[in-house]
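User: Please take a close look at one part of this model, the nonpolar patch on its surface, and set it in the context of the strands around it and the cores inside.

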Amino acid sequence: MRKRLFLVVLLIPLTQIIYAPPSSAGRPLTTDDAWTVEKGKFQLELGFDATRQDNSDREYSPSITLSYGLSEKADLGVGTGYLFMHPEEGENESGLADTEAKLKYRWMDEKEWTPGLATAAKVKIPTASETKGLGSGKPDFGINMIATKNLSKRSVLHLNLGYTFIGDEESNKELNYSLAAQYALTDRWALVGEFFGTNNLNGMTGDDPFSGLLGTYYLITESLIWDMGIETGMNNAAPDYRLTTGITSLF
């Protein structure tokens, strides 16, 4: 019942988008946007996630991501974090998380009837400990197709479709997809929502996670943004819930 109620609430911003500021997706969304960091500028994202899995295992993770505008249409980002694992059974573990590097290129600017389009290539560097169960110990490679469309002066949608090559031989490929929306509550407050999921392409549906997130962000200044969000799993393969909050700084 709780997950069905969350689904109904999340449908509101995704189907009644009328006052969304035309801004990048960014935190707290996992959905990427077609825009890139301004050439010669940096974007720093600091975040903290608290997650409970469906089996009641708990995870806590501070994270950091730094992106740089390489050109008018391309940026490069590197992110990592630290994991605190608290399983329902067994001993707690902690350590460095995996590191991800991402190169994004916007190859079509948005026009009146067409969205902005971009492609992002990413690689997961296995910096998390495999022996502690914090990571697979194998690199992953992925490519993500991104579309962003402003529906009006104050409304925006983002659509992602990606493919990931998993280094772990037990699961060597994934199809990733998401849809996100944003709209403004005031000049500084915005409400955001998204659906996102993964298809393991193994012919089974029970292990394909599907989640929704509802959140907000606040423009402290033009270059400093605070955000928070709550994700809930729509099936047993997804986390039971995830709370996230963070700060984004542009400089």
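Analyst: Two strands are said to pair if DSSP finds at least two bridges between them, and the strands themselves are DSSP runs of E of at least two residues, numbered from the N terminus. This is a predicted model, in which local features need pLDDT of at least 70 and side-chain atom pairs count only at pLDDT 80 or more, while totals for chains, interfaces and linings use all residues. Residues are numbered from 1 along each chain as its sequence is written, and side-chain values use heavy atoms, with hydrogens and water left out.

The pairing comes before the patch. Strand 5 and strand 6 (residues 116-125) pair in the antiparallel sense over nine bridges, and in strand 6 it is A121 that stands opposite L103. Strand 6 is also joined to strand 7 by nine bridges, again in an antiparallel run, with K124 standing opposite D140 of strand 7.

The patch itself covers about 580 Å² of nonpolar surface and is made by Y105, W107, I143, M145, L161 and Y177. Its members are residues with over 30% relative accessible area and no salt bridge (a side-chain nitrogen of Lys or Arg within 4 Å of a carboxyl oxygen of Asp or Glu); nonpolar side chains (Val, Leu, Ile, Met, Phe, Trp, Tyr) are joined within 5 Å, and like charges within 9 Å. Accessible areas come from the Shrake-Rupley method with a 1.4 Å probe, and for residues only the protein chains shown count as cover. Strand 5 (99-108) and strand 7 (140-152) each supply at least two residues of the patch. I143, placed in strand 7, counts as partly exposed because its relative accessibility is 42%, where buried means under 20%, exposed over 50%, and partly exposed in between.

F165 belongs to strand 8 (residues 155-165) and is likewise partly exposed, at 46% relative accessibility. Not counting residues up to four places away in sequence, F165 touches D140, F141 and N172, contact meaning heavy atoms within 4.5 Å.

As for the interior, a nonpolar core is a set of buried Ala, Val, Leu, Ile, Met, Phe, Trp, Tyr and Cys residues joined through side-chain atoms within 4.5 Å. The largest has eight residues, A25, L29, A180, A190, V192, F196, L213 and Y217. Strand 10 (189-199) and strand 11 (210-221) each supply at least two of them, and strand 10 gives the most, with three. Apart from this core lies another, of five residues, among them M85, A97, A128 and L134.

Terms used: Helix = DSSP H or I, 4+ residues; strand = E, 2+ residues; numbered from the N terminus. Buried < 20%, exposed > 50% of the residue type's maximum accessible area, 1.4 Å probe, protein only.
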